[in-house]
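Colleague: I should like to go through this model with you and ask, term by term, on what grounds each description rests. Please show the structure before we begin.

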Amino acid sequence: MKSTRILLMAAAACGMTFAQPAVPQPIVLQNATIHTVTKGTFNGSIVIKNGLIADVGDKVLAPMGARIIDLSGKHVTPGLIDCHTHIALDSTNEGSISVSSMVAMRDVVNSEDFAIYRDLAGGTTTTNLLHGSANAIGGLNVVIKMRWGSDADGLVMKEAKPGIKFALGENPKRAGQGGQSPFGSGAQNLRYPGTRMGVEDVIREAFLEARQYQAAWKDYETRRARGENVLLPRKDLKLDPLVEVLEGRRLVHAHCYRADEILMMLKLADEFGFRIHALIHVLEGYKVAQEIAAHHAGATTFSDWWAYKMEAYDAIPYNAAILTRRGVVVSLNSDDPELMRHLNQEAAKAVKYGGLSETEALALITINPARQLGLEGRVGSIELGKDADLVIFDRHPLSNYAKVLRVFIDGELYFDRERDLSRRAELETRKKALVERERQRQEQEKKEREKEKKEKEKGPAPEGARRPS
């Protein structure tokens, strides 16, 4: 910034001028029912300025030149957050090995996945893209904002804390068996582990190795600080993320189902001195809610999915409410691009099953997943200074009939229902024109191939003779 000022001053002295970057027009969302999640629900207005929430309350001062949007009868919530998804990824599992902490989801983000727009239309503004569950220790996650139209790098929320995926139970052990793999077609070579106790062993061995690696680097730094001439330790991309976990610099998201494996993971984490930031699925979490709360682990679960696999037979729709009442930070996730389109309805189920208040239910899809991602200072509630990620509903967001009208991310309008509906006829016309153009191209290619075939069938013309046209 200082160098920029010096450059502008020097340019001014020479009579040169530079165009200043355009300042986005302030926006005032007026007369809405505002669900702040953390600061209560009231009728009032929100001021959006430079991508942030500049003011919120029953009365606000509109900045000069602001665009006023009257939302009488409408409801505004924070942008919805999904703590466990696999959309917008070109690949999900590196299932050939048991520890794949060297691979990263950021490297395979597909910004053209149409699920981004569809889920944005359901009010989701932030998602956690996770590695799959084929590995006891999987790859590194990436958090994105649903900035439809941006390139892959533009989607990434760079302020998010780094994380890593763990997986327990059937998935990592089944992925190691010979025969048909649940994560792709064709036979897969036998791979350790093949049992639940083997999954625990893989994780423990990886962290024992990470401890030695961490100690080697600390010893190098200590001796170097004393002025000794020492060799640099060998860099290990598999162990670097695990050292970050040990040092509290990388969050752990652990796929799990059964109570016994949940307890195993908590004890193993305690053994190595790190915390599980979010237990994923955690369908039997209600059985060990006290232990989860004591570890200060979060839980991101389904509202009422049940019996879709053997591990899920003891799932109950009261899980989220029971965990919440025991002091666990709970979120509801999708793990599915279709489910993500109506997270608000998933949250409403927690009012029916477990008796959570409307605010507690909304927290399951806003501030709680933000906490599990270490982003509660930026997103998840409507508060002064936070990112202007906002969703406008036509009625109460927990209503089965609620529709998303508009979605703002960083103060920019990324979805507008009216505009979407009005453009459908135009887009259909363009689609038909493109399809017709492609049909004509294929027909022309077919004619050229047939012509070439006939030319070959005729054979070469006799020397000195003219072939009839």
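Colleague: What joins the side chains of Lys145 and Asp410?

Modeller: This is a predicted model. In it, a polar contact of 2.8 Å joins the side chains of Lys145 and Asp410. The cut-off for a polar contact is 3.5 Å between N or O atoms, so the pair qualifies.

Colleague: Why is Lys145 called buried?

Modeller: Its relative accessibility is 1%, and buried means under 20%, so Lys145 counts as buried. Lys145 lies in strand β9, residues 142-145. Leaving out residues up to four places away in sequence, Lys145 touches Thr125, Thr126, Leu155, Met157, Val379, Asp387, Asp389, Ile409 and Asp410.

Colleague: Is Asp410 to be called buried or exposed, or does it fall in between?

Modeller: Asp410 has a relative accessible area of 26%. Buried requires under 20% and exposed over 50%, so Asp410 is partly exposed. Asp410 is placed in the loop between β16 (404-409) and β17 (412-416).

Colleague: What makes the backbone of Asp410 worth a remark?

Modeller: Asp410 has a positive phi of about 55° although it is not a glycine. Most residues other than glycine have a negative phi. Ala307 also has a positive phi, of about 65°, and is not a glycine. Ala307 lies in the loop between β13 (298-301) and α9 (319-325). With 22% relative accessibility, Ala307 counts as partly exposed, because the cut-off for buried is under 20%.

Colleague: Which peptide bond is cis?

Modeller: The bond from Tyr192 to Pro193 is cis, with omega near 10°. Most peptide bonds are trans. Pro193 lies in the loop between α4 (170-174) and α5.

Colleague: How do you know that the length of helix α13 agrees with its number of residues?

Modeller: Helix α13 covers residues 417-458 and has 42 residues. At 1.5 Å a residue these should span 62 Å, and the end C-alpha atoms are 61 Å apart, so the two values agree. The helix nevertheless bends by about 40° at Arg424.

Colleague: What caps the N-terminal end of α13, and what follows the helix?

Modeller: Asp416 caps that end, with a side-chain oxygen 3.0 Å from the backbone nitrogen of Glu418. Just after α13, Gly459 takes a positive phi of about 80°.

Colleague: Why is Glu438 called partly exposed?

Modeller: Glu438, in helix α13, has a relative accessible area of 32%. That value is neither under 20% nor over 50%, so Glu438 is partly exposed. The C-alpha atoms of Glu438 and Glu291 are separated by 61 Å, and the two residues are 147 residues apart along the chain.

Colleague: How do you know that helix α7 has the span expected of it?

Modeller: The 14 residues of α7, residues 259-272, should span 20 Å at 1.5 Å a residue. Its end C-alpha atoms are 20 Å apart, so the span agrees. Buried residues of α7 include Ile262, Met265, Leu266 and Ala269. Their cover includes β10 (163-167), α5, α6 (240-246), β11 (251-256), β12 (276-281) and α8. Just after α7, Gly273 takes a positive phi of about 80°.

Colleague: Why does His295 count as buried?

Modeller: His295, in helix α8 (residues 289-295), has 8% relative accessibility. The limit is under 20%, so His295 counts as buried. The side chain of His295 reaches the backbone nitrogen of Ile276 at 3.0 Å. Residues that His295 touches include Leu266, Ala269 and Phe274.

Colleague: Which residues touch the most other members of the largest nonpolar core?

Modeller: They are Phe166, Ile203, Phe207, Phe274, Ile276, Leu279 and Ile292, in a core of 96 residues. Helix α5 (residues 196-225) gives the largest share of this core, nine residues. A second, separate core has 15 residues, among them Ile53, Leu71, Val76 and Leu390.

Colleague: How many helices and strands does the protein have, and what percentage of its residues is buried?

Modeller: The protein has 13 helices and 17 strands. Of its 469 residues, 48% are buried.

Technical notes:
Residues numbered from 1 in each chain as written. Predicted model: local features only at pLDDT ≥ 70, side-chain atom pairs only at ≥ 80, totals over all residues. Heavy atoms only, no water. Core = buried A, V, L, I, M, F, W, Y, C linked by side-chain atoms within 4.5 Å. Buried < 20%, exposed > 50% of the residue type's maximum accessible area, 1.4 Å probe, protein only. Helix = DSSP H or I, 4+ residues; strand = E, 2+ residues; numbered from the N terminus. Expected span 1.5 Å × (residues − 1). Bend = angle between axes of the 7 residues up to and from the residue. Polar contact = N/O pair within 3.5 Å; in protein donor to acceptor, adjacent residues only side chain to side chain. Contact = heavy atoms within 4.5 Å.
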